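Me: I've got a model open and want to go through some of the labels people put on residues. Can you take me through the reasoning behind them?

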Amino acid sequence: MKKNQILAALFLSLFLSAYGIYVLNKNYSSIFYEEDGWKVFIDNSHFGFKDQNGVIKIEPQFDLALDFKNGVAWVVQDGKYGLINKDGNFIIKPQFDDISYFSDSVFLVKKDEKFGLIALDGKMILEPKFTLCDKWHSVKADYVISTNKEKLKWIVIDGKSGFIDENGKIVVEPKFDFVVRFFDGHAAVKLKDKWGFVDEKGKMVVKVKYDDVANFSEGFAAVKLKDKWGFVDEKGKILVEPKFDFVSDFTNGFAEVRLNGKFGLINTKGDFFIEPEFDKIEQLENIILISKNEKYGIVSFSGKILEPQFDSIQKSYNQKIFMVEKDSKIGLVDKETQIIIEPKFNTVSYKKNDILQVTIGEKQGLFDIKSKQFILEPKFDDIYTFNDNLLQVFLQGKQGIFDIKNHRFILDPKFDKIDGCDNNTQRISLNGKYGVINENAQLIVPIKFDYISPCFSNNLGFASDKNKVGYINKKGEFVIPAKFETVTPFRYGFAQVKLDKNKKFGLINTKGDLVLPFDFDSIFYIEPLATSDSKLGKIKEANKDVSTDKGQKFFEVEKKYKFGIMDNYRKWIVKPQNYLIKYFDKDIGFIISNGLYYGIMDMQGKLIIKPQYNSIYKFSNKLYKISIKDKIGIINEKGETILEPKFDYINTDDYPFKFKQGTRYGFLDEKANVLFEINFAYENYFNNISTLADKYWLVEKEGKYQIFNMKDNKVTSNLSFDFIQEYKNFIIASINNKIGIMDKDLNWLILPKFEEFKEFGKNYYKIVLDNKIGLLDNNLRTILEPKFDYIDEKFNNGFVKIRFNDKYGFISEKGEIIEPQFDKIWNFENNIAKVLINQEIKFINTKGEFVE
């Protein structure tokens, strides 16, 4: 019995891995997957089926069974595969080494390493004597079959190539020496070193008589005869007699041709659109670049020409305006070959809203592409971004703020300085006086102060008035009167101040109350002990005002190069001594330093551990992480060793705390007990561990992943994954390069079948299935069926481009589809998109309707 169970489990793993369907739960009596309410179950090492009510519909009798699809289920008996229907009757008796779908009604069967086709009624369509084709069609054998997802599939019989349909029916007789897959409904075929074309009905539309051919594009194919190229149409009619040395595919209704070493362009009528007189031609989205004698020009699609005269032409950011260079100067040309501005700029860079930043000599300005006018004459010394719509300009030592959106100055360039370290406020000065502007360059603090600090801290900045310094708010009001000689910025709600430059520092809070007297050379709030460098950095960055919090606070005070600790009640905790005071922790006391190493001092000033550690961080309640010579350990509040410092790292940023010690990896709890550990055979970059869904340990071993349950540390399955990634509401997992989706309890939501799964925009996930692309929404509902050949990288103005069968369309961010029907499309601008259909440029709105 035990042997049978092991064999069943082994068969299950092997069978499911062959089809990209896997079981995580080791209890095989549980549901694997269900369709139409029917569920596979196992009893006494045999598989059967139950309906949605748990009623047995097919008794357990199979060594292995997989869920029903289209009324058919795979089963295994004695190691052989067959198919049954829902009556439990064999459609195909178990006799094959493998079975998979060829189409909805035809199956690909494997026997003795050869493949064939069999119908649902059990009738053999093709005997299993074929070699399976790879995706490059590079297999050479007398019998070859392709399983690609195209309408017609390549087949080789007796060494001759042809095509079959999804039902295994021969459409193109296997009589050719070689065939190429279909493009635009036509496939190139080769016979006795000559080429022609067949259509999808198997009809020979272009006779086999050419020395070489290229695939059909936009209704035409290039053909070669006696070392010359021409074009034929889909009926085999000659468009252009073979006379060219080189031709390209048709794109946007034009094809490049070379004659006597010179390039030109022909249209779909075979007429020259551009005579062959140029050294180079390149079609861009909105123009055609031409080159002659190392000079460049432009031809518009309306036929206008700007003769080659430029040293270079840069491809435009929007395909409407192009930068041309001549004698090291840059000018602008539009897509209709009109020179907007003659080459005279030294540099040109795009800002936004069709505005270019340009320089002439060493002076900078702004040029508006739409109006073809300067909005700022090139007379400025520099121009920088202030925020999204504002620019900071420099002119003859003065500064101002320019609104690039509304083409006007918010602040004229007359100010001495505009600077700061806060995104919301900037200091501004004029004639020796200072004020503050906000992010919109509006004056929020009048320009009247002798000095203002460049930054506000704890919402206060310091300002001087009549040779005294106080603190102001962002309205310019003195919150703390100007009565000090020396001040520092507020940190954690405290600031050091002096009444006289020759006197000592005292400490005030954000209300101006004197917290510590004017007795010290320096005073600093003692920060809490953090769990790591990154957490300490976040504490410093947050700079939280703790001055109003109730309770005891501690400050490092300096007197004559001695350092002590005083609390906010002016009580001495530690009298001045030699050690620096770095951090405070309520359980252990104070972290001290001699400048090189760290130690511990208790709340009474007693030295617990002399400075000897490279670092000390909080681990958990009354436990601390220490390092000595790059090795990590754990001590308690008494300084006693809990874990010897021999770990490579212990990560205290996230719980549970991950550790590594050589090849030993694991997790610790708050008491430094080992929750989970695993020893790898040797050091490897691809060995690692992590947590998954707060329920599981995820172990990566040599690039493969296994899942362990946190409750008992036992593996949830003997299966290994290519990768596992946790999302907010689900987990994706890959096995045999197929990606599926599980919930946080490791139940399959979508079985492994995708070649790719990744976030797409804010609300979607891109999926690839059988090399076809689709979209799921955040609830994993199908928005775009995986049948598309292409989807653009991102949404642009609310839409993304899609392609199906060489036709283009759009899908909006709301999931609305403009069906692929266009030969070429451009991105939406102002809710209008340009499209190419039937060799004619048109425009559509966001509903896909044609507009003028």
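Me: What makes glutamate 556 a residue without a salt bridge, and which side chain of opposite charge is nearest?
Reply: First, a caution: this is a predicted model, where local features need pLDDT of at least 70, side-chain atom pairs count only at pLDDT 80 or more, and totals for chains, interfaces and linings use all residues. Residues are numbered from 1 along each chain as its sequence is written, and side-chain values use heavy atoms, with hydrogens and water left out. A salt bridge needs a side-chain nitrogen of Lys or Arg within 4 Å of a carboxyl oxygen of Asp or Glu. For glutamate 556, the nearest side chain of opposite charge is lysine 582, 6.8 Å away, and no salt bridge is found. Lys and Arg count as positive and Asp and Glu as negative, with His and the chain ends not counted.

Me: Which backbone atom lies 2.9 Å from a polar atom of the glutamate 556 side chain?
Reply: That's the backbone nitrogen of isoleucine 581. Glutamate 556 itself sits in strand β59 (residues 554–559); strands are DSSP runs of E, at least two residues long, numbered from the N terminus.

Me: Why is glycine 48 called buried or exposed?
Reply: Buried means under 20% relative accessible area, exposed over 50%, and partly exposed in between (1.4 Å probe, protein chains only). Glycine 48 has 0% relative accessibility, so it counts as buried. Its place is strand β3 (residues 46–50). Leaving out residues up to four places away in sequence, glycine 48 touches Lys39, Val40, Phe41, Ile58, Glu59 and Pro60; contact means heavy atoms within 4.5 Å.

Me: And why does lysine 192 get its label, buried or exposed?
Reply: Lysine 192 comes out at 70% relative accessibility, so it counts as exposed. You'll find lysine 192 in the loop between β18 (186–191) and β19 (194–199), with a positive phi of about 50° although it is not a glycine.

Me: What about asparagine 805: why buried or exposed?
Reply: Asparagine 805 is at 53%, so exposed is the label here too. Its loop runs between β86 (799–804) and β87 (807–812), and its phi is positive, about 50°, although asparagine 805 is not a glycine.

Me: How do you know how confident the predictor is in the chain?
Reply: Look at pLDDT, the predictor's confidence in each residue, from 0 to 100. The protein chain averages 90, and 94% of the residues score at least 70. Over residues 1–34, though, the pLDDT is below 50.

Notes. Helices (H or I, at least four residues) and strands (E, at least two) are DSSP runs, numbered from the N terminus. A polar contact is a pair of N or O atoms within 3.5 Å; within protein, one must be able to donate a hydrogen and the other to accept it, and residues adjacent in sequence count only if both atoms are side-chain atoms.
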